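Hi everyone, thanks for making time. Let's bring the model up on the screen and walk through it together.

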Amino acid sequence: MTTKPPSGERTRLLADAVVPAGGTAEIIYRAAIDIGGDGRIEAVGAVDDLGDTFDGTVRAVGGLLMPGLVNSHAHTPMILMRSAGDGLSLQRWLTEAVWPREAKLSPDDVWWGQTLGSIEMLRAGVTTTLENYFHEETILDAALTTGQRVMAAGGILSAVAPENADFSRRVGEVADVFDRLHQRVDRGYVAFSPHSAYDHSPERLAEVADAARERGALVAIHLEETQAERELVIGQHGRSATQILSDSGMLDGAVIAAHGVWLDETDMAVLGNARAAIAHCPQSNGKLGSGIANVPALLSAGLTVGLGTDGPASNDSLSLWDELRLAPLFARARTANPEALDAATALDLATRQGARAMGLDDVGELRPGAWADIIRLDLDQPAFTPGLPGELFGHVIWAASAEHVTDVWVAGEHVVAEGEVTTVDRHVAQQEVAERALRLL
Ligand SMILES: [Zn+2]
């Protein structure tokens with residue numbers, strides 16, 4: 001389970017333009033990014049400011065460089081079930097289309113599914129992903145083989161833990177993987193992923209919360225995806241899922257909750273006070289007809305918000321460019337307010353906030369000390385024309401897409417060159433996934 005070790009060599013990338021981070025629409029023209037031999041950024045700025053002497057390899061790559069995108073909620077091996085059960089409600093989709101195929105998955109299936117998904121993400125410029133799935137060690141191994149940065153959140157489902165003893169054993173398994181591998185492999189992180197408050201009892205959630213808090217581990221969970229789920233939990237427990245998470249002690253540690261579509265104001269205040277994060281998955285929520293999360297209200301309540309694709313069976317693509325555009329579109333449409341979410345904030349959600357939501361403070365922006373997770377867009381395209389000063393940033397958010405990403409570096413390693421992954425054979429991975437998907441059907 002390894003990525004390529006840092007080259008030890010310093011590299012300067014010269015570009016026509018650099019967007020150093022989201023949050024502002026700043027663009028630095030005629031810019032350089034200096035990468036240290038350890039894979040971290042040493043300097044970012046205009047060549048005129050940095051000086052044109054550099055002790056290391058200089059590569060004039062041109063184009064526009066920006067931070068790699070961060071997918072803060074995925075179940076990537078579900079690529080083996082891409083487009084299954086289209087048009088079904090969440091509950092029917094899970095029980096009729098997804099779970100019967102998932103039950104037949106072998107660790108090798110998961111490995112190939114993750115490998116192909118990581119290839120798809122890297123080619124789209126998604127350099128970091130948070131994976132919620134079982135076989136977490138296999139997920140780490142597959143994603144790291146492609147060179148992607150990955151947090152494997154070990155999935156804990158009641159379906160595979162009918163007895164409390166099974167549940168405790170599964171929590172122990174994830175804890176063991178965390179203890180052995182979290183930040184002990186380059187670019188690899190581990191977290192806990194209990195499915196939801198409608199899948200697990202409050203007592204079970206408290207057990208996961210304890211195991212995570214003891215280790216300073218992140219808990220990734222689903223929360224308020226559909227209205228039916230909200231009503232089910234309140235009917236069963238007399239309180240909202242958010243209140244259950246709070247009462248279980250889970251919010252005393254780091255938590256990223258996917259969706260948050262049906263949270264009310266009280267829930268948002270509780271989550272905001274706990275400094276919790278939401279993984280906003282607008283495309284998946286749209287496809288499954290779950291609703292539209294109130295992202296402006298979440299941000300006002302003090303939550304950190306990242307963007308997620310969710311699984312490729314409910315999206316059906318792993319390109320976060322769709323979410324980058326849908327987040328502000330949905331926010332503006334929901335509130336009938338064009339100022340509800342601006343383009344610079346949308347990029348912030350797709351990069352820096354997504355990383356913060358995962359507990360990573362050295363990912364998602366191009367600044368000294370951060371990991372050199374960088375993507376290059378080819379500006380020689382209709383989508384970036386006319387590219388007027390002050391308007392090129394808008395092209396990046398509203399007109400760009402995955403196919404404009406030509407090159408990708410993760411921790412300074414050049415993992416996508418001229419649109420193709422350099423680390424693994426994409427065609428072999430496609431063939432493997434196609435054959436395995438047929439067996440699962
Ligand atoms: Zn999900």
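Start by finding F192. Leaving aside neighbours within four places in sequence, F192 is in contact with A153, G154, I156, V174, V208, A211, A212, A217 and V219. Keep in mind as we go that this is a predicted model.

Where does F192 fit in the bigger picture? F192 is among the residues with the most contacts inside the largest nonpolar core, along with I33, A191, V219, V255 and A327. That core has 139 residues. Helix α3, residues 107-123, gives the most to this core, with seven residues. The core also draws at least three residues from each of domain 1 and domain 2. As a general point, nonpolar side chains in soluble globular proteins tend to be buried together.

Now look at strand β8, residues 149-156. How many of the residues of β8 are buried? Eight of its eight. On one side you have R149, M151, A153 and G155, and on the other V150, A152, G154 and I156, so with every one of them buried, both faces of β8 are covered. If that left-right pattern looks new to you, remember that side chains in a regular strand alternate between the two faces of the sheet. Next to β8, look for β7, residues 126-133: the two strands run parallel and are joined by six bridges. One pairing to find on the screen is L130 with its bridge partner in β8, M151.

Let's move to a loop. S196 sits between β9 (188-194) and α6 (202-215). Is S196 buried or exposed? Being in a loop doesn't settle it, so we count: S196 has 23 C-beta neighbours inside 10 Å, and therefore counts as buried. Beyond residues up to four places away in sequence, S196 touches I221, H222 and L223. For a sense of scale, S196 and L341 are 28 Å apart in space, C-alpha to C-alpha, and 145 residues apart in sequence.

Helix α7, residues 227-237, makes a nice exercise. Which residues of α7 are buried? They are E229, R230 and V233. Looking down the axis of α7, these buried residues fall within an arc of 105°, so they line one face of the helix. Turn to the face pointing away from that buried side and you meet the exposed residues Q227, E231 and G235. Part of what covers the buried residues of α7 is α8 (241-247). Just after α7 comes G238, with a positive phi of about 70°.

Finally, let's zoom out. The protein has 15 helices and 17 strands, and 55% of its 441 residues count as buried. A compact globule with 441 residues would have a radius of gyration near 22 Å, and the protein has 21 Å, which agrees. The C-alpha trace spans about 65 × 45 × 40 Å along its principal axes.

The protein is divided into domain 1 (11-67 + 366-421) and domain 2 (69-357). Their centres, taken over C-alpha atoms, are separated by 29 Å. The contact takes 24 residues from domain 1 and 25 residues from domain 2. On the domain 1 side, the elements giving two or more residues are α14 (392-398), β15 (405-410) and β16 (413-417). The largest share of that side, four residues, comes from α14.

That's my tour, and I'm happy to go back to any part of it.

Note on methods: Residues numbered from 1 in each chain as written. Predicted model: local features only at pLDDT ≥ 70, side-chain atom pairs only at ≥ 80, totals over all residues. Buried ≥ 20, exposed ≤ 12 C-beta atoms within 10 Å, placed from the backbone. Arc of directions from axis to C-beta. Contact = placed C-beta atoms within 7 Å. Rg over C-alpha atoms; globule rule 2.2 N^0.38 Å. Core = buried A, V, L, I, M, F, W, Y, C linked by C-beta atoms within 7 Å. Domains from an automatic or database assignment. Pairing = 2+ DSSP bridges.
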